[in-house]
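This report covers empty space, cysteines and one helix in the structure shown below.

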Amino acid sequence: MAESDLAAALKGWDVMEVVATKGHWSDKDHTFRLYENGVKVKDLNPLSVKDNGGKVVFTLPVSYQIKPGNFYQIADCKNEFVPVDLTALAGTSEFDRKYRFDGPMGAIYQKDKTVFRLFSPLATEFYVKIRKPGESQFTFIKMERLDSGVYQAIVDGDLDSYQYLYFGKVNGRWVEAVDPYAYSANANSRLGFVIDPAKALEEEDGSKGLSPFGSPSQAVIYEADVRDLTSKLDLPDRGTFNALARTGLTFGPDKIPAGLDYIKGLGVTHVQLLPLMDFQTVDDSNPRGSYNWGYDPLLYFAPEGSYSSDPDDAYKRITELRHLVHVFHENGLRIVMDVVFNHVFDALTNPLEVLCPGYYFRLNDDGTPSNGSFCGNDFESRHFMAAKLIKDALLHYLDFFGVDGFRFDLMAIIDRKTLADAYQALVARKKDLLFYGEGWDMPTALPSEDKSSLNNAFALPFVGFFNDRFRDFTKGPSQRERLGEKGYLTGDLGKIDDFKYAYAACSIRINHNPLFQNPLQSIDYVECHDNNTLYDKLKASLGGESETSILERLKMINAIVVFGAGIPFIHAGQEIGATKNMNDNTFDAGDDLNGLDYGLAVKRWDYYRFMAQAIAFRKANPDLWFQTKDEVQSTLSFENIEKGCLLIRYGARGDGFHYVFINPGKDSVTYTFKNYVKVVFRETGLLPQDYDFYSQTVILNGYSVTVCYSRDEK
């Protein structure tokens, strides 16, 4: 009999479905026998028989207490046996309540022994395969099943750097998988490594040398990719953790700073690095042969192998990432990790699904995979062990690597309770943590009120959200089909009130209801790794304007991102008007389009300097930092002036008053105060501190931002 002639699967705790090839039996006896661990326990007769093309589908009442961990088979009238697939049980609330474990998972190392733990309640037996460094043969150690559905083995001896895999029987079939909790793996994650934490922690993370960070309102975030920051430099190890951790790098005959020093020169406070967790589609052994941003996760606890100097070394990827964080901290830069808990690259082959099928990934009511991530699988964060994995991974990177915050990809796929629980665990250890993500309302199989989406921002006051209102009202949408649409700063003066709302971090009512409870929830951005760059957007929507005016608009918009009441967010290359040649999704487009273009930086160094000075101005003026909506409400006021220009007045919060002028048009505009003010910032950047010129009349050049200051309100 071919394997496909007969199959059996539970559809719930008390119902089973048997599918047989039509014509399989020569008689009409449709009685089936249920066996548990080889012993017959019950005859099962069908409630219904359905002709389904070339198959016959039998629905059987079970009326027997199925206990995961036992081996179940169905036998037919020809005495042929097939295993019963229990996968459907894993998605039930009863299963989730019964099978859970709140202790450490993975390979828990001690000098004299290592405890291995994996979660696989549907399995009937499991082994851990271990191999000593330099040897070719594995030793199989049988694991004990605990009542929680966890399998455990305690192996005596010092197993530091041993390779290991899990091998067991799930749903009657032998499977093999890497430990989802593995701290390290070999090239392309074929095997896990046992890691001695004390050995890995010998490299300081540098966090002890950092002064406390006062408030997220003081943060300026710079988004970049480990590979992109050095991929266009003449370095033998370009694109790696080590290359990015190197100081003193320069580019070209002018020797402009490159890599870490380039970022440091901008004066940002936090660097958000695209995924650092192990991902699938770059060959670790030949990383330059392919490219990916890393939004295709494989293992959640191991750093990415293609960024290490030796992906087959048990410790390199760990110590080199720790060293990177250490060097960034020494240079006053904090690291935000971009984490991808909404989906994996391939659910069917991912270790989580292999070891516990049906548990870690969300299903629609009809049993099909939920696809709100548009990646074919959504992570089922509501299940206890799935939520635990998210929290454990975040705490691992906080404790083990010393990172300073997390950015969540497609955050709305994660339920609100899991996100809140993770935040509370993290902030208990790091008070100045940054915690934000994408709040797009994705069509995942999760009730709307449970999503960590922008629609529920008021219920998540501790979470920052990428503010698409700020993006669109400021410069217009970046999506391919909407590139021609404009925002206030790109010429649609009718959006001036929308822009005021955006500038105020969407935290007070101006033309729209408040989106956020507080301005710290607003991540103010106009460009990120997704969609078109700001420069490409300007080229597409301002086709009739000269290159000079487009670049002046670029500077104006960049300054507004920095000065707005929310948290400024800048994408690598935005400061110099980098292009991706109108490609709006370069996730696998290679180094040519994605690598930071230092040659362009040389040509547009004034734009780099302008951004650095705008950031310096924000950092030096607490008047621009807002923590509550009451501060925004009582401080900011807006005045429409001629030709679509805008004056933003800052009420008294310090030792004086600031006035931010925006002129989104090409013609100069003159504004006259009743008394004298000092111009401190304009389209050329910061004016020298010893420039002590006061005037009643301010000339606002086209496509510019001008900031004035006075000790007394004007």
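Residues are classed in three groups: Ala, Val, Leu, Ile, Met, Phe, Trp, Tyr, Cys and Pro count as nonpolar, Asp, Glu, Lys and Arg as charged, and the others, Gly among them, as polar. The model is predicted, so local features need pLDDT of at least 70 and side-chain atom pairs count only at pLDDT 80 or more, while totals for chains, interfaces and linings use all residues. Residues are numbered from 1 along each chain as its sequence is written, and side-chain values use heavy atoms, with hydrogens and water left out.

**Pockets and cavities**

A pocket is an open set of points on a 1 Å grid over the protein atoms alone, with protein on both sides within 12 Å along at least five of seven lines; a cavity is a set where a 1.4 Å probe fits but cannot get out, and lining residues have an atom within 4 Å of a point. Points are joined across faces, edges and corners, and a volume is the space filled by probe spheres set on them.

| Space | Volume | Nonpolar | Polar | Charged |
|---|---|---|---|---|
| Largest pocket | about 790 Å³ | 12 residues | eight residues | eight residues |
| Second largest pocket | about 610 Å³ | nine residues | eight residues | seven residues |
| Largest cavity | about 90 Å³ | 10 residues | no residues | two residues |

Of the 28 residues that line the largest pocket, D409, L410, E438, D530 and N585 lie nearest its centre. The second largest pocket has 24 lining residues, with T87, A88, G358, L363 and G367 nearest its centre. Strand β1 (residues 6–12) gives the most to this second lining, with three residues; strands (E, at least two residues) and helices (H or I, at least four) are DSSP runs, numbered from the N terminus.

The whole structure has seven cavities of 30 Å³ or more. Residues lining the largest cavity include R117, D179, Y181 and M385. The elements giving two or more residues to that lining are β10 (113–119) and α6 (351–355).

**Cysteines**

There are zero disulfides (pairs of cysteine sulfur atoms within 2.5 Å) in the structure. For C528, the nearest cysteine sulfur is that of C375, 15 Å away. For C708, the nearest is that of C645, at 13 Å. C528 counts as buried because its relative accessibility is 10%, and C708 is buried at 0%; buried means under 20% relative accessible area (1.4 Å probe, protein chains only).

**Helix α12**

Helix α12 (residues 547–563) has 17 residues, of which 15 are buried. Its expected span, 1.5 Å times one less than its number of residues, is 24 Å, and the end C-alpha atoms are 24 Å apart, which agrees.

Terms used:
Buried < 20%, exposed > 50% of the residue type's maximum accessible area, 1.4 Å probe, protein only.
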